[in-house]
Amino acid sequence: MGRGKIEIKKIENANSRQVTFSKRRTGLLKKAKELAILCDAEVAVIIFSNTGKLFEFSSSSMEQTLERYNICTDSSEAAAEEYKTEKEDSKMVEILKDEIADLETKQRWLLGKDLTGLGLKELQHLEQQLNEGLFSVKKRKEELLMEQLEHSRVQEQRAMLENETLRRQVEELRSLFPFTEHVVPSYLQCHHMDRKNVIVDNAVKYPNLNSNRANEKRDSDTALHLGLPTDVRH
């Protein structure tokens, strides 16, 4: 007669639960050992009772087995994450390709190319877009011209202020240091003054020359008075 099936649920009786735990724990550890020996597998079993007591079995080393388990878990998670990322990236690439193709088509329409397949409404919408774009370009151009005009006006005002400042400085200098009016002599006065200076210089430099001229004048007057010839006078 076979053993009846036991319903898999928590055993309420503490004694029965403890007995069942001991029997099944021993059987589980025995099966793990047999699996490691028969199949040359690396097996590790960790069991905590409801009281917190630890029971474990390892075919080689528990630390080595746990380290190997962590490496495999991390690598599998990394591989899964990498596959998920690649899948998302490929999907995003496809979306971007479609958007680029759409933008290139619209750009050709704005340039007046490939308009054969467009209907009346699409052409009207395209015309409206072009008009709005042209209006925006004219508006921006007007803004730039106004900015340049304002900049030129500011520069002009700055130059006027600088000129006014310089003019005031010149007036202040004139008021502090008035100019002396010098009368420039004429050419005849300068020539007459130069002749006098030459005569005076000659008189100073050559005093005998003046006395000789005086003697010659007296001899000439004496010869003229006696009626002598010219040669005798000379």
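This briefing walks through the fold, the pockets, the salt bridges and a few surface details of the structure above. Keep in mind that the model is predicted. The protein chain has six helices and two strands, and along the sequence they come in the order α-β-β-α-α-α-α-α. Of its 234 residues, 6% count as buried. Two pockets, eight salt bridges and a nonpolar patch of about 380 Å² make up most of the story below.

**Pockets**

- The largest pocket holds about 360 Å³ of space. It has 12 lining residues, and those closest to its centre are Ile6, Lys9, Ile11, Thr20 and Arg24.
- Sorted by class, the lining of the largest pocket comes out as seven charged, four nonpolar and one polar residue.
- Next comes the second largest pocket, at about 160 Å³. Its lining is made by Lys106, Trp109, Leu110, Leu118, Lys121, Glu122, His125, Leu126 and Gln129.
- Two elements, H2 and helix H3 (120-176), each give two or more residues to the lining of the second largest pocket. The top contributor is H3, with five residues.
- The class split for the second largest pocket is four nonpolar, three charged and two polar residues.

**Salt bridges**

- As a bit of background, side chains of opposite charge can pair when their charged atoms come close. This structure has eight salt bridges, and a few of them are worth a look.
- Arg68 pairs with Glu42, with 2.5 Å between the closest N and O atoms. Arg68 sits in helix H2 and Glu42 in the loop between H1 and S1, so this salt bridge ties together parts that are 26 residues apart in sequence.
- How accessible are the two partners, Arg68 and Glu42? Arg68 counts as exposed because its relative accessibility is 51%, whereas Glu42, at 30%, counts as partly exposed.
- Lys106 and Asp102 also meet in a salt bridge, at 3.9 Å from N to O. Both are in helix H2 and they are four residues apart, so about one helical turn separates them.
- Each member of that H2 pair is partly exposed: Lys106 has 43% relative accessibility, and Asp102 has a relative accessible area of 40%. Lys106 turns up again in the lining of the second largest pocket.
- Over in helix H3, Arg168 forms a salt bridge with Glu164, the closest N and O atoms being 3.4 Å apart. These two are four residues apart in H3, so the separation is again about one helical turn.
- Glu164 is partly exposed, with a relative accessible area of 27%. There's a wider network here too: salt bridges with shared partners join Glu164, Arg167, Arg168 and Glu171.

**The nonpolar surface patch**

- Which residues make the nonpolar surface patch of about 380 Å²? The members are Ile46, Phe48, Leu54 and Leu66.
- Ile46 belongs to strand S1 and counts as partly exposed, with 42% relative accessibility.
- Leu66 is placed in helix H2 (residues 62-110). Its relative accessible area is 37%, so Leu66 is partly exposed.
- Ile46 also gives a handy distance to check: its C-alpha is 9.2 Å from that of Met62, with the two positions 16 residues apart in sequence numbering.

**Backbone oddities in the loops**

- Asp40 isn't a glycine, yet it has a positive phi of about 55°. You'll find Asp40 in the loop between helix H1 (14-39) and strand S1 (44-48).
- Is Asp40 buried or exposed? Asp40 is exposed, since its relative accessible area is 71% and the cut-off for exposed is over 50%.
- Asp114 is another residue other than glycine with a positive phi, near 55°. Its place is the loop between H2 and H3.
- Asp114 is exposed as well, with a relative accessible area of 51%.

Note on methods:
Residues are numbered from 1 along each chain as its sequence is written. This is a predicted model: local features need pLDDT of at least 70, side-chain atom pairs count only at pLDDT 80 or more; totals for chains, interfaces and linings use all residues. Side-chain values use heavy atoms; hydrogens and water are left out. Patches are made of residues with over 30% relative accessible area and no salt bridge: like charges are joined within 9 Å, nonpolar side chains (Val, Leu, Ile, Met, Phe, Trp, Tyr) within 5 Å. Accessible areas come from the Shrake-Rupley method with a 1.4 Å probe; for residues, only the protein chains shown count as cover. A salt bridge is a side-chain nitrogen of Lys or Arg within 4 Å of a carboxyl oxygen of Asp or Glu. Buried means under 20% relative accessible area, exposed over 50%, partly exposed in between (1.4 Å probe, protein chains only). On a 1 Å grid over the protein atoms alone, a cavity is a set of points where a 1.4 Å probe fits but cannot get out, and a pocket is an open set with protein on both sides within 12 Å along at least five of seven lines; lining residues have an atom within 4 Å of a point. Grid points are joined across faces, edges and corners, and a volume is the space filled by probe spheres set on the points. Ala, Val, Leu, Ile, Met, Phe, Trp, Tyr, Cys and Pro count as nonpolar, Asp, Glu, Lys and Arg as charged, and the others, Gly among them, as polar.
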